Number of protein chains: 2
Amino acid sequence: MDDAAKLQMYLQTLGDANRLKMINYIGERECSVSEIVESTGLSQPLVSHHLRTLRESQILETERKGPFVYYKLKDKRLLSALGILLEISGELKDRKPHEAMFCSPPWWTSFWGSK
Amino acid sequence: MDDAAKLQMYLQTLGDANRLKMINYIGERECSVSEIVESTGLSQPLVSHHLRTLRESQILETERKGPFVYYKLKDKRLLSALGILLEISGELKDRKPHEAMFCSPPWWTSFWGSK
DNA sequence: CGTTCATATAAATGTTTGTTTATATGTTAA
DNA sequence: TTAACATATAAACAAACATTTATATGAACG
């Protein structure tokens, strides 16, 4: 797998509303599956499925603690990149720019409906 | 359309190998469709179709000059963001990092098979 | 051990998406 | 206006993907 393919896979994985919601909720923290299920309002199997995708794309990594499995970002630089992209896309037609969501905390408040 | 949706759309559009190839070829320049067709080796209708997607996502913008239509990036910051993402994804399993493709020229040589 | 809780997987379904083939629109020049 | 070139669109098809429902694995605790 060459670098173009890696980048493509990485971006494709990011380009899903529910997965972005999850990444946004996780941020710089470490979250259990049930926490993500609850905060996103998505079904448990759906969350688990997307988490698998995110893990296989190596965007998230896991650690088991007792009965819980915790997910966190593998590379925090992702937040910077998403910050830029959010800025760019936020300036597109029919809406104006605003505070950055990604980048540095607290950016996980109020935009995605995550609590 | 809220910002989450915009970001999602933006990322989804980026997450395609052929579209990335085209963006990579265009870079900071302004390119005609036939130039892109030739450099990518893709069929003309396919290129035209992807260019439409990129234009509708407001990643590219167009200018007509005589019989030619030129496409260029609407926001050059995209290259910085892609630079970060390329760095991150390049460090993933089964391959090691290397020079950045996006960011500053000449990053459009040699990685995508674009000439 | 057997029950309960947390998470993962499988099969089934409907939708979206990329690609091809064929054709149309638009521009220039003779 | 007709011919030649540049680009765009449409229909048709196949493959990929997100989602649901149902079930399985795995850990803790009585």
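Of the 115 residues in chain A, 46% count as buried, meaning under 20% relative accessible area with a 1.4 Å probe, protein chains only. Keep in mind that this is a predicted model, where local features need pLDDT of at least 70 and side-chain atom pairs count only at pLDDT 80 or more, while totals for chains, interfaces and linings use all residues. Residues are numbered from 1 along each chain as its sequence is written, chains are lettered from A in the order in which they are written, and side-chain values use heavy atoms, with hydrogens and water left out.

Let's start with the fold. Chain A has 5 helices and 3 strands, taken as DSSP runs (H or I of at least four residues for helices, E of at least two for strands, numbered from the N terminus). Walking from the N terminus, you meet them in the order α-α-β-α-α-β-β-α. If you take the contacts (heavy atoms within 4.5 Å) between chain A residues at least 6 apart in sequence, 53% join residues at least 24 apart.

Now bring in the second chain. Lay chain B on chain A and you get an RMSD of 0.0 Å, using a turn of 180° and a shift of 0.0 Å along the axis; the superposition is by least squares on C-alpha atoms of residues with pLDDT of at least 70 in both copies. The two copies are therefore related as by a two-fold rotation axis. In chain B, the C-alpha nearest that axis belongs to B:Ala81, 2.5 Å away.

So how do the chains meet? On the chain B side, 39 residues are in contact with 39 residues of chain A. Because 100% of the interface residues of chain B are also interface residues in chain A, the copies meet through the same surface. Together they bury about 3,700 Å², 66% of it on carbon and sulfur atoms; that is accessible area (1.4 Å probe) lost on being put together, summed over both parts. In chain B, B:Asp3, B:Lys6 and B:Leu7 lose the most area to chain A, together 18% of what that side buries.

There is a charged side to this as well. The interface holds 4 salt bridges, each a side-chain nitrogen of Lys or Arg within 4 Å of a carboxyl oxygen of Asp or Glu. One of them pairs A:Arg77 with B:Glu87, with the closest N and O atoms 3.0 Å apart. As for where the chain B side comes from, helices H1 (3-14), H2 (17-26) and H5 (77-90) each supply at least two residues, and H5(B) gives the most, with 12.

Technical notes:
Buried area = accessible area lost by both parts, 1.4 Å probe. Buried < 20%, exposed > 50% of the residue type's maximum accessible area, 1.4 Å probe, protein only.
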